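Subject: The structure I promised you

Hi,

Here is the structure we talked about, so open it up and keep it beside you while you read. My notes on what turned up follow below.

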2 protein chains.
Amino acid sequence: MKYSILGLTISALMLSGIAFETASAAERSSGHPGTPESEMRYKGAPVPIDPSKAQESVNSAAPPVSAAEFVRAKKIYFERCAGCHGVLRKGATGKPLTPDITLKRGTAFLKTLINYGSPGGMPNWGTSGDLTEADIDLMARFLQHEPPVPPEYGMKEMEASWKLHVPVNKRPKKQMNNLDLSNLFAVTLRDAGKIALIDGKTKEIVQIIDSGYAVHISRTSYSGRYLFTIGRDAKVTLIDMWMKTPTTVAEIKLGMEARSVETSKYKGYEDKYAIAGTYWPPQFVIMDGNTLKPRKIVATRGMTVDTQEYHPEPRVAAIVASHEHPEFVVNVKETGQVLMVNYKDIKNLKVTTIGAARYLHDGGWDSTKRYFMVAANKSNKIAVIDSKEDKLVKLVDVGKIPHPGRGANFVDPKYGPVWATGHLGDDTIALIGTDPKRHKSNAWKVVRSIKGQGGGNLFIKTHPKSSNLWVDTALNPSEAISQSVAVYDIKNLDKGFEVLPIGKWSGLGEGAKRVVQPEYNKAGTEVWFSVWSSTKDESAIVVVDDKTRKLVKVIKDKRLVTPTGKFNVYNTQHDVY
Amino acid sequence: MKYSILGLTISALMLSGIAFETASAAERSSGHPGTPESEMRYKGAPVPIDPSKAQESVNSAAPPVSAAEFVRAKKIYFERCAGCHGVLRKGATGKPLTPDITLKRGTAFLKTLINYGSPGGMPNWGTSGDLTEADIDLMARFLQHEPPVPPEYGMKEMEASWKLHVPVNKRPKKQMNNLDLSNLFAVTLRDAGKIALIDGKTKEIVQIIDSGYAVHISRTSYSGRYLFTIGRDAKVTLIDMWMKTPTTVAEIKLGMEARSVETSKYKGYEDKYAIAGTYWPPQFVIMDGNTLKPRKIVATRGMTVDTQEYHPEPRVAAIVASHEHPEFVVNVKETGQVLMVNYKDIKNLKVTTIGAARYLHDGGWDSTKRYFMVAANKSNKIAVIDSKEDKLVKLVDVGKIPHPGRGANFVDPKYGPVWATGHLGDDTIALIGTDPKRHKSNAWKVVRSIKGQGGGNLFIKTHPKSSNLWVDTALNPSEAISQSVAVYDIKNLDKGFEVLPIGKWSGLGEGAKRVVQPEYNKAGTEVWFSVWSSTKDESAIVVVDDKTRKLVKVIKDKRLVTPTGKFNVYNTQHDVY
């Protein structure tokens, strides 16, 4: 039996290289075939990388590929393979596919693997009907040649793409609308290439605004005035929420694929800079915070933290702004290095490279906002970064493929302050002690591992004013589990969890839908969930009362196309989680 | 008429990408054909990069090259072309030669260029008889394919090459010989792959020690006990001068081509770390100072300072140790960035990237050792780096292709403290004011430009106890000029210079010989010059009395094969220049 939800583009969330791995882990335990990230990403959707721009090359020892075949093979590779194997084929979630390896395997072996897939997670591209026999033969030959390298993207290209729609002096001096800005939700409408601004009180859509493709995150500036979005296609938009209607005042394209954007938050630098990290090219860019004018590009290509070997494609995962220094915390996936990028003087840029573990993904602050907790998802570890001292505190062993989102901070009745993460690869939630002063013996250890509904967790959430801990299981292969959430009483964790059937409450009826990403309103009294269906089907946002755990409202609207990430302005602005 | 000194391997000095440019500059003014650096480098000498290891690839749009032809073309490219055009063909001293450019030119154009050369400095490989018609045809086709990429070289390769001949606990606790260590000269015997230790008083050769090929520099540790050498083949040796006879106690190979080595000098870190920078791969390595055990590798690949575009091959030029912080000053050639590498905590490595100008080469401290003056030879500028504040102070416009070596510090009677550099591309010496406190209006400006014998200057030198300024003109096309030096009275610069016929004093008779690199003894009373002949001919070192400017001694010995750089232990240890 195939996933009923095969058509879903799950990797819109902060999941690159993850969904596939999880699906295959789930597959091994359940017998369900996995849904490869690369397929989900690109099916029927624009391709972020333009494959025709990749410079082709031929290895004379490999079986021949004609010029016309190269064009087709590059396109297939970018659409089906790059998400897991990397554009340079050095391997990430998938295995490396460089000619030194593929030439030894040979055409026949490669054809079989592409056709039938593998228990290790390689999809069955042939028997699934996705690739023809001719295409499989082509790909088997193509993979024995050098990986085509996509073009670089430097200051010239960025400046050419930069559009300042409304200069700073044409913008209002105060808020010109009556919106309750701090309780707005910016909701990614993944496949529409837009975001929706939804009022937190009325639950009405205030506005739909064009964005990049599949906005990965929306971030609020320190002042709360500006909203930044970043698409998977590396397009950043800057929305001025003070204008009569919130308006995109600037935009820029920073490369071919991206995930992360953040704004400066340190005293004296509020709203001054923005930073964005790209997957390709592997680099980050510091921009002016109120215009997106690009100022400084820094490559992340360098050495892996453990073996100290050169990696040509270290992609930028999560970026957060430090509260201890005028710094950005830039997490580099493939090298496992955390870069503390000091923006005090960008002409003489100071960067502290903290060795953590591979592959860094996302994470969040502890409750004091001194320690950044970041998942190293191939190492099954959480790296604890001290943003005050700019050094690694500890690598904490957790469960299989931690995926915290920002994680959840609360006070464990027995162990004191903890930060929690769920996992993609198992059904546990790890609680890590975060108070080295008053709970020293618990600090930077898993003090408690609690059981959830199952694997496939993406996001976990609580709020300082709540005593609930919400845990989704969006990527679980069981429909019953992926369409519901677990909620725990953090004052009585031993009691276990209650299951809320969010999917059922949405009233969307039969069909593929995943319940994903709990997000609080500003007051911490309501929790919003995305019920995310395929592009063809209706989606919804379900709002739950935090105290009573009862349904408050189902938000449905034909404009709500594939809603995924929801970002409450106040909580995003103040790193509340 | 061809250079009579065509066989000389001039680029043994710190000249990569320079000698060629100079020769061609000289050529334009004198009508002499130039001697390309790449030819000089490799003629009859081991090739530092193993071309067979470069991964070949084929561009299907380019004219075909057979597998056997690829092997030959790669070898020719590394031997003849890489020195100027870079292994990735992005261009440096020579023009870029990537397929996007070469394909447009086409085979016929490329053949003509390779055969006849160009007034811009491209050698006439065909009409000179160096390449056959068949080879020229091959190279014209080969250049339209992707540049073969040499292999990476990471921790695994470094550790495998590391040899600790004498562990620390087997070494003496005090000096076990009677040598006057501080007045020894470490002399590179370029083509022998050795160094000579010569006593500064007796002028006798104390010992000949194996080293890497064409040792680029020798550096003394802070304590004066250890001597580091680095070969062009990226082999570093560590010599313990306290042993009964100075002995190589450790060695390591760090890549395929290199130029720079330095040791930590900041209080509390004396002799603790060594650092070396490589040309390929483009990176630097921090090692334990007493064993050469590699600890941390950092890639230099990144963005150019001006256009902010990605450069895949930013080679590491000069490295010096800061006296203001526990930092190394790492000058990156192709990006024009100066990296202040803080070695206080190499697991959480802090690096300040100071944007300067392209292409950084070498330089020296001002007299206070706070400001580092580094040549940007393609920009005709000296970048002034404040090592206390870790920032760029100024880019000072100087003459054509500044080549300071370490430069020369003295007090100009009119303008106060200055640091001086000569130039490869013109006959001037630029004096830059370096005292922002008491001579503020002169600081970081060329206060005086004095005329020398001619272009082709490599090194300029004075000493705190001397009132002479010595200027060689080793790369001048005129034999009379390249075989003599100019000396100025720094108390009366307007008087002009006296010419000393060092080549004639050497008594080596007819034949190719260049007079290069004045180096003081510890006391500052004598100046040593290399008289550098071809491998076939006898060379010598000529010692001159600084006060009287008269010949003291000619050091000749059949073991003195192609002596080039000479490094007085004390002056190197204390950055005296």
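Let's begin where the two chains meet: β18(A) and strand β18 of chain B, residues 348-355, pair in the antiparallel sense, and seven bridges hold that pairing. To find the spot, look for L349(A), which stands opposite T353(B) in β18(B). Please keep in mind that this is a predicted model. If pairing is new to you, strands of a sheet pair through backbone hydrogen bonds, either parallel or antiparallel.

Stay with β18(A) for a moment, as it has another partner within chain A. Strand β17 of chain A, residues 337-342, runs antiparallel to β18(A), and six bridges join the two. Here Q337(A) stands opposite G355(A) in β18(A). The connection from β17(A) to β18(A) is a hairpin that passes through five residues. Is β18(A) enclosed or open? Seven of the eight residues in this strand (348-355) of chain A are buried, so the rest of the structure largely encloses it.

Now the contact between the chains as a whole. On the chain B side, 34 residues are in contact with 34 residues of chain A. Putting the chains together buries about 2800 Å² between them, and carbon and sulfur atoms give 48% of that area. Which residues of chain B lose the most area to chain A? They are Q308(B), Y310(B) and N348(B), which together account for 21% of what the chain B side buries.

Next, some totals for chain A. You'll count nine helices and 35 strands in chain A. The chain has 577 residues, and buried ones make up 67% of them. If you take the contacts in chain A between residues at least 6 apart in sequence, 56% join residues at least 24 apart.

There's also an open sheet in chain A that is good for practice. Four strands form it in the order β19-β20-β21-β22, with antiparallel pairing. At the edges stand β19 (360-365) and β22 (391-397) of chain A; each has a single partner strand, so one side of each is left without a neighbour in the sheet. On average, neighbouring strands of this sheet are turned by 25° against each other, ignoring direction. Zooming in on one pair, β19(A) and strand β20 of chain A (residues 371-376) are joined in the antiparallel sense over four bridges. In that pair, L360(A) stands opposite A376(A) in β20(A).

On to the aromatic rings. Over all chains, the count comes to 20 aromatic pairs. One of them is Y77(B) with F142(B): the ring centres are 6.3 Å apart and the planes are at 50°, so this pair is tilted. What makes it fun to trace is where the partners sit: Y77(B) belongs to helix α3 (residues 67-85) of chain B and F142(B) to helix α5 (residues 133-142) of chain B, so to speak two distant parts of the chain, 65 residues apart, are linked by the pair. Both Y77(B) and F142(B) are buried. That fits with α5(B) in general, which is mostly covered, with seven of its 10 residues buried. Among them are D135(B), I136(B) and L138(B).

Over in chain A, ring pairs link Y269(A), Y273(A), F328(A) and Y343(A) into a cluster. Charges sit over rings too. R315(A) lies over the face of Y279(A), 4.8 Å from the ring centre. In chain B, the charged end of R259(B) sits over the ring of Y279(B), at 4.1 Å from its centre.

Finally, two single residues to click on. Where is S218(B)? You'll find S218(B) in strand β5 (residues 217-220) of chain B. With 0% relative accessibility, S218(B) counts as buried. Leaving out residues up to four places away in sequence, S218(B) touches several others, including A186(B), I195(B), F567(B) and T572(B).

The other one is E479(A), in helix α7 (residues 479-482) of chain A. E479(A) has a relative accessible area of 36%, which means that this residue is partly exposed. From E479(A) to R514(A) is 35 residues in sequence, and 8.0 Å in space from C-alpha to C-alpha.

Have fun looking around!

Cheers

Conventions
Residues are numbered from 1 along each chain as its sequence is written. Chains are lettered from A and ligands numbered from 1 in the order in which they are written. This is a predicted model: local features need pLDDT of at least 70, side-chain atom pairs count only at pLDDT 80 or more; totals for chains, interfaces and linings use all residues. Side-chain values use heavy atoms; hydrogens and water are left out. Rings of Phe, Tyr and Trp (its six-membered ring) pair if their centres lie within 6.5 Å; planes under 30 degrees apart count as stacked, over 60 as edge-to-face and the rest as tilted. Buried means under 20% relative accessible area, exposed over 50%, partly exposed in between (1.4 Å probe, protein chains only). A charge sits over a ring if NZ of Lys or CZ of Arg is within 6 Å of the ring centre and within 35 degrees of the ring normal. Two strands pair if DSSP finds at least two bridges between them. Axes are lines fitted to C-alpha atoms, for helices over the stretch in contact, and angles run from 0 to 180 degrees between N-to-C directions. Contact means heavy atoms within 4.5 Å. Buried area is the accessible area (1.4 Å probe) that two parts lose on being put together, summed over both.
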